[in-house]
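Dear colleague,

Please find below the structure I promised to pass on to you. My notes on what was found in it follow directly after.

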Amino acid sequence: MNAPTLSRRSFIAASLAGGATLTFEAQLAFAASPMLPEPVTLNAFIRVMADNSVVIGAKNPEIGQGVKVMLPMLIAEELDISWEQVRIEQTDADQAKYGPQVAGGSTATPMNWLPMRQAGAAARAMLVAAAARQWGVDAATLSTEAGRVLDKAGGRSATYAALARAAAAETAPDLAKVPLKDPAAFRIIGQSKKGVDVPKIVSGQPLFGIDTRLPGMVHAALVKCPAIGGTLAKVDDAAARAVPGVIAVVPISSGQCPAGKMDALAVVANSWWTAHKAREKLSVEWDTAAQDGFSTEGYARAAADLLPKAPAATIFKAGDADAALAGAAKVITADYSYPFLAHATLEPQNCTALWHADGKLEFWAPTQNPGNGRKDVAAMLGIAPEAMTIHMTRIGGGFGRRLMNDYMVLAAQVAKALPGKPVKLLFDRTDDLRNDYYRPAGWHRFTAGLDAQGQVVAFKDHFITFGADGKAIRAAELSSTEYPAPVLPNVHMGQSFLATNLTTGWLRAPSSNALAFVFQSFMDELAEAAGTDLPELMRRTLGPARELPTERQGLVFHTGRARAVIDAVTKLAGWTGKPSTTPGKANESKGRGFGFYFSHRGYFAEVADVTVADGAVKVDKVWIAGDIGSQIINPINAEHQSQGAAIEGLAQALVLQPIVQEQGRVTAENFGEFPLLRMDGKPGEIALEWVKSDFPPTGLGEPALPPVIPAVANAIYRATGKRLRSLPLNLG
Amino acid sequence: MAIPITVNRKKRMVEAEGDKPLLWVLREDLDMPGTKFGCGAGLCGACTVILDGVAVRSCQTPIADAAGKQITTIEGVSALPVGKKVVEAWLDIDVPQCGYCQAGQIMSATALLTQTPKPSADDILGGMNGNICRCATYVRIEKAIRKAAGLEQA
Ligand code: FES
Ligand code: FES
């Protein structure tokens, strides 16, 4: 991946405390004005305060992944201030000014590791240049420490606050050339920094999108078509509008919005509770004829029909898999599957929008991708992208749900109907579960051949997914470089497609969360057939340390890094292929399983110990070894992310129930039908080890999740002899 | 109707229909958005408040039922001696991830430790299993409760 760079605009159009944007010229004029204890803006991310504290802009959406601390750490490190000086502020959405602002794909670290440090280093260079000019010395003789420029030879120093105004008039250095610290000199990167918003969270202060409160604000509750994609046929809203407190009932137009299919009604009232209750008074008819035919049962039947047939399209072919199978000493075949899943962020989808009198639109949006939201709203409402201001709130869970911006499009349409009034649109839990961008279900028929020495000589996968015309829909793809395809001589991976009316999308570690389960479970079957275990089969197939290309341009899979985490976790867990714990009670059985997965640039190998008693699975311990490069930027948060990802993997393995569809409609109403993992599902213990490597640091929101799922499935097999091949794992 | 309630030791008069859930009275009428909406069905615990010493789901508590009672919310939990310890442990251990469930977690933990100052693992599960954390911060929630109870130093 090419590291993105900050634009010059980041430096010449920096914003001030009041939200006003100063041009470079205005900044110069400002800088030339007499000394005032005013904050001084050095670039888009850095504002030096009179008390020598520094306000650092955190530009990415915070969904709990810790980016609101991590990005400022990078800036503060190179600016060379102490962490106590740092005050963190969430920026608005403005990619021209700040660069990419997305919480997705575990990309914040790889995309910002250089640019954020460069932003800090550039501001530091300007402060040093200003001091050098003031003191008439060569900048190279000066150093910095904890927010001061030091002239050791001259025995003097000045705070950044004292230098800031002059520094703002210095020319910003070439970002690509600005010198960065030697990692050995890091004082902030690599040190644990706690969550910046925690004091507000534990005292209940407003932070989240749902907490937005504005003068004159009205509240919108949603009535969505019960089948995604259906359209509004008829509505009688007289009774609803007669409810005291109800202000309007706004039909939200249909049409193919980029964010999905939108037919809905919004009931707007002076309180959300009133709006929500008034929904019952609406009499609505929907046209769902085109959706009624879709059902969970229907998908399963169609998939079963397709599996034995030839794939509709080829994903990857090498050698001649059929010929190799014909000559194989052993042939193993197995069918795997996984269901549709909802994201169920604990903060339901919501968005506040205000349509100003001049046609400008302002948002307070808990979105993981404000840039796409801006585009979606522009396309749907026909307004200019620049006519929108998007404030980013803290977000009560993302997991990929909020990469889609349907709530922005919906709120914008309601706001447009009520100009001048801020409208807060809030889904209830049922709206949220029934109007998701679901993790798509999938089915795989694997066939593999082993030769007499136990080498895998042939590998086939027929993948039944959702899509049409040879192309899978969003988040339903299988990569042509899915392991072990690139390392085997005879491979055929193909796919066939089902249609669905459901909107699909990315769920934390998208594709990987499902594919890790099916591929690593099937490879566990192959390992057993080959008379070995999965870590050993992985080592054998990985071969010597080398880079394998992946489907994604610029992204390679390093077999040496994979081996290193496999070796690390097997050592950490004392892997012998058997449980380490003493045998349990009479009605209990114990098992240990392994899983490896490479996703989002991270290499993770995990081991799980389970106890099975009366068909119930308890996860006793999970061991994690991960390689995300040379640096763990914020160790405490890295631990939190890994724990959270592994436990979320356990939820997918054992707790989350399939999203069921009948007659085109999703049936889940609340957390009864779509249960989430509770405290009783947490593993007894989680052990974590980082394998440091010489590669630039990469992200951690996702890659620790996928391998735990096959590790648990494989452990259950060891404990019970039952190979569970569909999610959730159910001993029935 | 006018309903008198006491929130965080302050007497308030609320003008609302008697069946309006306490959750929405807090969030909308009293401008106290710390108590969170997660499910509206008593299934997630995000809306937990303490009512006369007992942890209740405010989404399932009609405001009429809260009339005349003492309500403690996340905004006022630190004023309780146990609540203060719980909040300190939460800060110390850096429990939250997204943070959305944490008001409810803290209220449940405070009620638990008020009733059971030295809880066993089963007591903790009993007091906390009704509170979902979608981000799965359970390891740290348990640790923070043990810390607040003086059962662990970390
Ligand atoms: S919102 Fe009350 S229990 Fe979920
Ligand atoms: S911290 Fe996100 S739901 Fe608990």
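Read from the N terminus, the elements of chain B follow the order β-β-α-β-β-α-β-α-α-α-α, which amounts to 6 helices and 5 strands. Please bear in mind, before going further, that this is a predicted model, for which the scores are ipTM 0.98 and pTM 0.95. For chain B the mean pLDDT is 97, and 99% of the residues in that chain reach 70 or more.

To stay with chain B for a moment, its overall dimensions can be described in two ways. Taken along the principal axes, the C-alpha atoms of chain B fill a box of roughly 50 × 30 × 25 Å. The radius of gyration of chain B is 15 Å, and this agrees with a compact globule, because a globule of 154 residues would be expected to have a value near 15 Å. Of those 154 residues, 58% count as buried, while the surface that chain B exposes comes to about 5,600 Å², with 52% of it supplied by carbon and sulfur atoms. Where contacts in chain B have a sequence separation of 6 or more, residues 24 or more positions apart account for 57% of them. As to charge, chain B carries 17 positive and 16 negative charges, and the mean positions of these two sets are 6 Å apart.

Turning to chain A, the secondary structure comes to 19 helices and 32 strands. The C-alpha trace of chain A spans about 85 × 75 × 50 Å along its principal axes. Here, too, the radius of gyration can be set against the globule rule: a compact globule of 732 residues would have a value near 27 Å, so the 28 Å found for chain A agrees with that expectation.

Buried residues make up 62% of the 732 residues in chain A, and the accessible surface of chain A is about 26,200 Å², of which 52% belongs to carbon and sulfur atoms. If one considers the contacts in chain A between residues at least 6 apart in sequence, 77% of these join residues at least 24 apart. The charged side chains of chain A number 71 positive and 70 negative, and the centres of the two sets lie 2 Å apart.

One question you may well ask on opening the file is how many helices and strands chain B has. The count for chain B is 6 helices and 5 strands, and the order of elements given at the start can be followed along the chain from its N terminus.

With best regards

Note on methods. Residues numbered from 1 in each chain as written. Chains lettered and ligands numbered in written order. Predicted model: local features only at pLDDT ≥ 70, side-chain atom pairs only at ≥ 80, totals over all residues. Heavy atoms only, no water. Helix = DSSP H or I, 4+ residues; strand = E, 2+ residues; numbered from the N terminus. Rg over C-alpha atoms; globule rule 2.2 N^0.38 Å. Buried < 20%, exposed > 50% of the residue type's maximum accessible area, 1.4 Å probe, protein only. Contact = heavy atoms within 4.5 Å. Areas by Shrake-Rupley, 256 points an atom, 1.4 Å probe, with all protein chains shown as cover. Lys, Arg positive; Asp, Glu negative; His and termini not counted. Charge placed at Lys NZ, Arg CZ, Asp CG, Glu CD. pLDDT = per-residue confidence, 0-100.
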